[in-house]
Amino acid sequence: MRVTSRVTTCLSLSALLASGAVTTMATASPTSAKSPRQHLTWGRCAPDQKELNAAGALCTKVTVPLDYADPGGRTIQIAVSRIKAKNPAERRGILLSNPGGPGGTGLANTLALRPALKDVADRYDLIGFDPRFLGESTPISCGPAPERPVPRTTTSPRLDFEDAVRSARDTARRCKDHGDNADLLPHASSRNVARDMDAVRAALGAPKLSYYGISYGADLGAVYTQLFPRRADRIVIDSSTDPSATQYELFQRSGAPAEQALDAWAAWTARRDATYGLGTSAAQVRGAVQKMLAKAEKHPVAVGTYRLGAPLLRMLLKQPVQHEENDPMMAALVRDLVAASEGRLGTPGPELASMLQLLESPELESSMVGGALFMCGDGGWPAGGWPKNPETYWKNSVRSRATQPVFGPYVNGMIAPCAFWGAEPAEPGGTPVANDVPVLMLQAERDNNVPYEGALALHRKLTGSRLVTADIRSHGVYGRGVEGRTPVPCADRAVNSYLGGGKLPAADLTCPRNEKNDTRTDEKNEATR
C-alpha cells in the first residue's frame, strides 16, 4: 500500500549511482480554475495496470491548467482511475489518496487501500490519480544520465560529498535543459497537485472529496484543506510533518530519532548474537555498524562487482530501521555488509541481494525525477526549502557526526539536486496552515522518518483535527496488517469509522500497545492542543 517513504530512497540511490558511490564494475489561493464541467471519456486502464483492470476499474484523463494563475493558458492532463461504489444507495462520495514520496504515482493506490478499508470501500467511488508530471499524467523526463564513473577504490568523506555535488549539479542541468522542461518545472508544486485534486473532484461532479494520504501524501492532504476547506469531506492524514519547517529541515530532524531506532535495533540484535554474530551488547552491535562505515569512508565495500560507498550504506540502513518488524532483515543485511567490509563474504544473503537488485531497477531514474520535481518545485513546506550553498550541506554533515554518527551525514547531506535546480518555483514560500477543518491524524510515536513532534505541530495548527497516536516504531499507522506488519486495531477502527460516516473522536486517542482482542482504546486529551 505504501509506495514510497518520505525519505525518497530512489532519489538518493540514483544520485549515488551517478556519483560513483556505487557502481557495477506566493500565498495559496483557495479557489481552483473555474471552467465548465469536463466531458470525460472512460475506458479500460492501460495493460500494465493489471490490478485496476482485474478490479473492473475504468480510467480517463482530466485536463487542468499548467498554471492556475493563467487558467486560459497551456493545459496538462491528469490520469485518473475509478472503481464505482458497490451500492449506489449507500454511496458517500469519492475517496482519493496519495502514497507519499514526494514523487509516488497513485493511479492504483486507492484500490490498494481496499483490504484495510473493508466494507467502507464499498461506499465510495475509489479514485486513483497520478500527480502532475508523474506516471500516466503529462510527464516530465530529464535528459539521459551519463555513464556511471569507474568505481573508486580509495575515497574520503569529502570526496564522497564532492561526488554528490557533481551528481546533483548534473541532474539539475539535465532536467532543466531537456525539452520544454524550463516552462513546466516551476509548476511542479504541492499546491498545484492539491488544485489538480480539486479539478478531478469537479470533473467527477462531486461536491466534496474524501482522502487518505501517508507521509508526503499526508501533508498534501493538509494542503488541500487549506486551499479548499469547504470541499474537504472526510480527510485522513497518516504520518505528517511540521508545517513551519522546510523539507531540508525535516530531513535533518529525522537524524536523532533514527539513531535512537538504531539503538533499539542493536539491542534486539545483541540478544540474538548466536544468529547474527554482531555482538552481545547493543554497544557492540552499534560499534560493528560504525566500524563498517568507517572502513567504507576509506575503501568502498566490495560485494561481487559492486563497490558500496559509505553514503549509500547509510541510506540503505535508513530504510529498514523505520519499522520494528524489519529488525531481522536489517540484522541479516548488516551481517553481510560487515562480512563484506572484512573481505569474508561469499554469496550475499537475500536481504543484501534484494538491495543490490534495486540498484539495477529500471524505475530508479524515473523515481529520482519524481522526487526532485516537487522537492525543488515547492517554495517551502511541504516538500521544498533547500540551501543554495553546497558548503551548508557539508558543514551540517560534519557537525552532525558527533551525535549522529550513522545517519547524520546522510540526512544533512545533499539528498536532492535543488541547490542547482535553476527553475524557481512559480509560488514562493510554503503553504500556511491555520483553520479548523475536521481532519483525522495518525502518527507513530517512534516514527524516525517524520518525527512525532512534527505531527503535534501540525495538529496544533489544524485546530479541528483529532490525533490517533500509536506507540510503535513505524512510518505509517493505518492498514499495517495488510502489509504483513503488526496491525494497530484501534487506529484502523478509528479511520474506518470516520470514513464510514461517523464523527471524529471526541478527543485524541492513544492506542494500547500490543492490542489484540481488546477492543478498547485509551482516550486522552492532548495537552499540547
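Is phenylalanine 133 buried or exposed? Select phenylalanine 133 to begin: its relative accessibility is 2%, so it counts as buried, a word used here for a relative accessible area under 20%, with exposed meaning over 50% and partly exposed the range in between, for a 1.4 Å probe and protein chains only. The model on screen is predicted, so local features need pLDDT of at least 70 and side-chain atom pairs count only at pLDDT 80 or more, while totals for chains, interfaces and linings use all residues. Residues are numbered from 1 along each chain as its sequence is written, and side-chain values use heavy atoms, with hydrogens and water left out.

**Backbone stops**

Phenylalanine 133 sits in the loop between strand E5 (124–129) and helix H5 (157–176); helices (H or I, at least four residues) and strands (E, at least two) are DSSP runs numbered from the N terminus. Although phenylalanine 133 is not a glycine, it has a positive phi of about 75°. Most residues other than glycine have a negative phi, and most peptide bonds are trans.

Select serine 215 next, in the loop between E6 and H8, where phi is near 60°, again a positive value in a residue other than glycine. Serine 215 has a relative accessible area of 0% and is buried.

Two prolines follow. The peptide bond from glycine 101 to proline 102 is cis, with omega near 0°, and proline 102 belongs to the loop between strand E4 (93–98) and helix H3 (109–112). Tryptophan 381 and proline 382 are likewise joined by a cis peptide bond, with omega about 15°, and proline 382 lies in the loop between helix H16 (364–377) and helix H17 (390–400).

**Helix pairs**

Two packed helices are described by the angle between their axes and the distance between the axes. Here the axes are lines fitted to C-alpha atoms, for helices over the stretch in contact, and angles run from 0 to 180 degrees between N-to-C directions.

Colour helix H7 (residues 190–203) and helix H8 (residues 216–227), which pack at an angle of about 70° with their axes 9 Å apart. That angle makes H7 roughly perpendicular to H8, on a scale where under 35 degrees is roughly parallel, over 145 roughly antiparallel, 65 to 115 roughly perpendicular and the rest oblique. On the H7 side the contact includes Val193, Ala194 and Met197, and on the H8 side it includes Leu220, Val223 and Tyr224, where contact means heavy atoms within 4.5 Å. By class, this contact of H7 with H8 has eight nonpolar, one polar and four charged residues, counting Ala, Val, Leu, Ile, Met, Phe, Trp, Tyr, Cys and Pro as nonpolar, Asp, Glu, Lys and Arg as charged, and the others, Gly among them, as polar.

Move on to helix H14 (residues 327–341) and helix H15 (residues 350–359), whose axes come within 8 Å and cross at roughly 80°. In this pair Met329, Ala332, Leu333, Asp336 and Leu337 of H14 meet Glu351, Leu352 and Met355 of H15, and the contact has six nonpolar, no polar and two charged residues.

Keep H14 selected and add helix H10 (residues 255–270): their axes come within 10 Å and cross at roughly 80°. The contact is made by Leu262, Trp265, Trp268 and Thr269 of H10 with Asp327, Pro328, Met330, Ala331 and Val334 of H14.

**Aromatic rings**

Rings of Phe, Tyr and Trp (its six-membered ring) pair if their centres lie within 6.5 Å, and planes under 30 degrees apart count as stacked, over 60 as edge-to-face and the rest as tilted. By this rule there are seven aromatic pairs. Show tyrosine 212 and tyrosine 478, whose ring centres are 5.4 Å apart with planes at 55°, so the pair is tilted. Tyrosine 212 lies in strand E6 (residues 209–214) and tyrosine 478 in the loop between strand E11 (465–470) and helix H20 (489–499), so the pair ties together parts 266 residues apart in sequence. Another stop is the cluster of Tyr248, Phe251, Trp386 and Tyr393, linked by ring pairs.

**Last stops**

Threonine 469, in strand E11, is buried at 2% relative accessibility. Finish at valine 482, in the loop between E11 and H20, which is partly exposed with a relative accessible area of 43%. Valine 482 and alanine 116 are 366 residues apart in sequence and 6.4 Å apart in space, C-alpha to C-alpha.
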